[in-house]
Amino acid sequence: MKVAVVGAGYVGVVTGAGLAALGHTVVCVDLDPDKVKAIAAARAPFFEPGLDEVLARELAAGRLSAFTDLAASLAGSDISIIAVGTPSRAGGIDLADVRGAARAIGALLPSLGRYHVVVVKSTVVPSTTDTVVRQELESASGMDAGPDFGLAMNPEFLSEGRAVEDFTKPDRIVVGALDERTADAMEELYAGFDCPILRTSPRNAEMIKYAANTLFATLISFSNEIAGLCEAIPGLDEEVVMRGLRLDRRWWTPGDRGERVHPGALAYLRAGIGFGGSCFPKDLAAICGFAESRGVAMPVLGAVIEVNGMRASRVVDLLAKRLGPLRDKRVAVLGLAFKPETDDVRESPGVKIVNVLLGRGANVAVHDPIVRMEAVRAGLDGHVTQAKDPVEAASGADALVVATGWDPYRRLDWSRVASAMRTPIILDGRQIVDAARLPAGVTLINIGFGFENEARGAAQAAVSPGIA
Ligand code: UGA
């Protein structure tokens, strides 16, 4: 099929490249000539492992191109996919770009001279596609959705850092189509995938996306709340508690035949320093704002936001409990990205921790394998130094916080790090530090672990190996 993807942001570029790899002829369209130039040169306008390689392959195969001209990109196409941003705005989302894209596509629909399906991929609150988008398309085209053109909502489930794999091996495809003809065209688009396709209405598709993200966020805040209690009661260990919880057969995937494999989603049942990124915080705010506007209370999701909002200061409290007042203490923070394998710092919990530390008068040195200071400076509440490596960040530090679960941090030479520190106190905010690899004399503060009992390894020994 011939596909135009409108909006060359994160979702648009991964989707465009992925559809080209499925054998479709894809044009990525964006108003920004720099983005278009970058894509045409096989350089994604953001960091995403493996994406540049797919771009290069598909550009060379002639299945992928990038343009600023929407009319030329839409000519002869079967499907256009709206993948523009929906930034947060006053407790909701800003639909200006979605509206603009729908109007521009609508204006071109009459000239296409063929059946065309317009797909909303941007995350939008329920009823946006079949009201706002539909109206923009119909008024700009003078045509009717249904008889004259197809309309669908098709949410994306791409995680940053593993988006290429998420696209090529989807768990499911959700097709929220206005009618059967549209749904059939969407199934043809995704025919190359071997995964369940859920056909439903645009509204359900929109809600599935919010329900998915807010459920994972809920698991995280739930885990962090349990961790808070574990931290206050000597001997309690959130990690063991969660292991016990995951062993309940109701979490297992059907067809396990007794293998104790749990669905990957249960990875989110794990305490940490809170969630961030461009999706969970924004989607929670948007769906709560939407519910409120319709007079519906969502107290659980409100609490999920509240628990997450307290997380950075609760984590710093754990440190202060051991270290005393933080004024003029030197603290190293490893990791600024909101999670590993990305340079994205939006709503990053690591940045929030740095700000809490600064607010309590600490001197902070940071390290991140790929995030540069310029990317975070505007969001920092004071002066911070950036170190070229973890040992330099740790130099002279009274404590160190692991804030992003980067792989290199799992493999750190802790002897070198600890000997560079003034006092070797390490707070593992991501539960990635292997206590067995720490030299003697290091104090390891674990999230979700009763303060007076630091021998987490001993508690784990009671759990049979191989059980996740
Ligand atoms: C999330 C969803 O996982 C995707 O399915 C969805 O498509 C995407 O949002 C989106 O709406 O576009 P993403 O924001 O890339 O993807 O990141 P996740 O890997 O889900 O992590 C989100 C946050 O939760 C991160 O800050 C991460 O560190 C945190 N997290 C994740 C935890 O604190 N604990 C965990 O166990 C897992």
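The exercises below treat the ligand site and one pocket of a predicted model.

**Exercise 1.** Identify the residues that come nearest to the ligand, and describe the shell by class.

*Solution.* Step 1: the ligand has 19 residues around it, and those that come nearest are E156, E160, K209, N213 and Y268. Step 2: sorted by class, this shell comprises nine nonpolar, four polar and six charged residues.

**Exercise 2.** Determine which side chains place a polar atom within 3.5 Å of an oxygen atom of the ligand, including S159, K209 and K339.

*Solution.* Step 1: for K209, a polar side-chain atom lies 2.5 Å from a ligand oxygen. Step 2: in K339, an N or O atom of the side chain is 2.8 Å from an oxygen atom of the ligand. Step 3: for S159, the corresponding distance from a polar side-chain atom to a ligand oxygen is 3.3 Å. Step 4: as to cover, the ligand on its own has 710 Å² of accessible area, and the protein covers 88% of that area.

**Exercise 3.** State which elements give two or more residues to the shell around the ligand.

*Solution.* Step 1: these elements are α9 (202–232) and α11 (280–293). Step 2: α9 gives the most, with three residues.

**Exercise 4.** Characterise the second largest pocket by its space, its lining and the elements that supply the lining.

*Solution.* Step 1: the space in this pocket is about 1100 Å³. Step 2: its lining consists of 44 residues, with G9, A83, V84, G85 and T86 nearest the centre. Step 3: at least two lining residues come from each of α1 (10–21), α5 (96–112) and α11, and α5 gives the most, with five. Step 4: by class, the lining has 19 nonpolar, 12 polar and 13 charged residues.

Conventions: Residues are numbered from 1 along each chain as its sequence is written. This is a predicted model: local features need pLDDT of at least 70, side-chain atom pairs count only at pLDDT 80 or more; totals for chains, interfaces and linings use all residues. Side-chain values use heavy atoms; hydrogens and water are left out. A residue is near a molecule or strand if one of its heavy atoms lies within 4 Å of it. A polar contact is a pair of N or O atoms within 3.5 Å; within protein, one must be able to donate a hydrogen and the other to accept it, and residues adjacent in sequence count only if both atoms are side-chain atoms. Accessible areas come from the Shrake-Rupley method with a 1.4 Å probe; for residues, only the protein chains shown count as cover. Helices (H or I, at least four residues) and strands (E, at least two) are DSSP runs, numbered from the N terminus. Ala, Val, Leu, Ile, Met, Phe, Trp, Tyr, Cys and Pro count as nonpolar, Asp, Glu, Lys and Arg as charged, and the others, Gly among them, as polar. On a 1 Å grid over the protein atoms alone, a cavity is a set of points where a 1.4 Å probe fits but cannot get out, and a pocket is an open set with protein on both sides within 12 Å along at least five of seven lines; lining residues have an atom within 4 Å of a point. Grid points are joined across faces, edges and corners, and a volume is the space filled by probe spheres set on the points.
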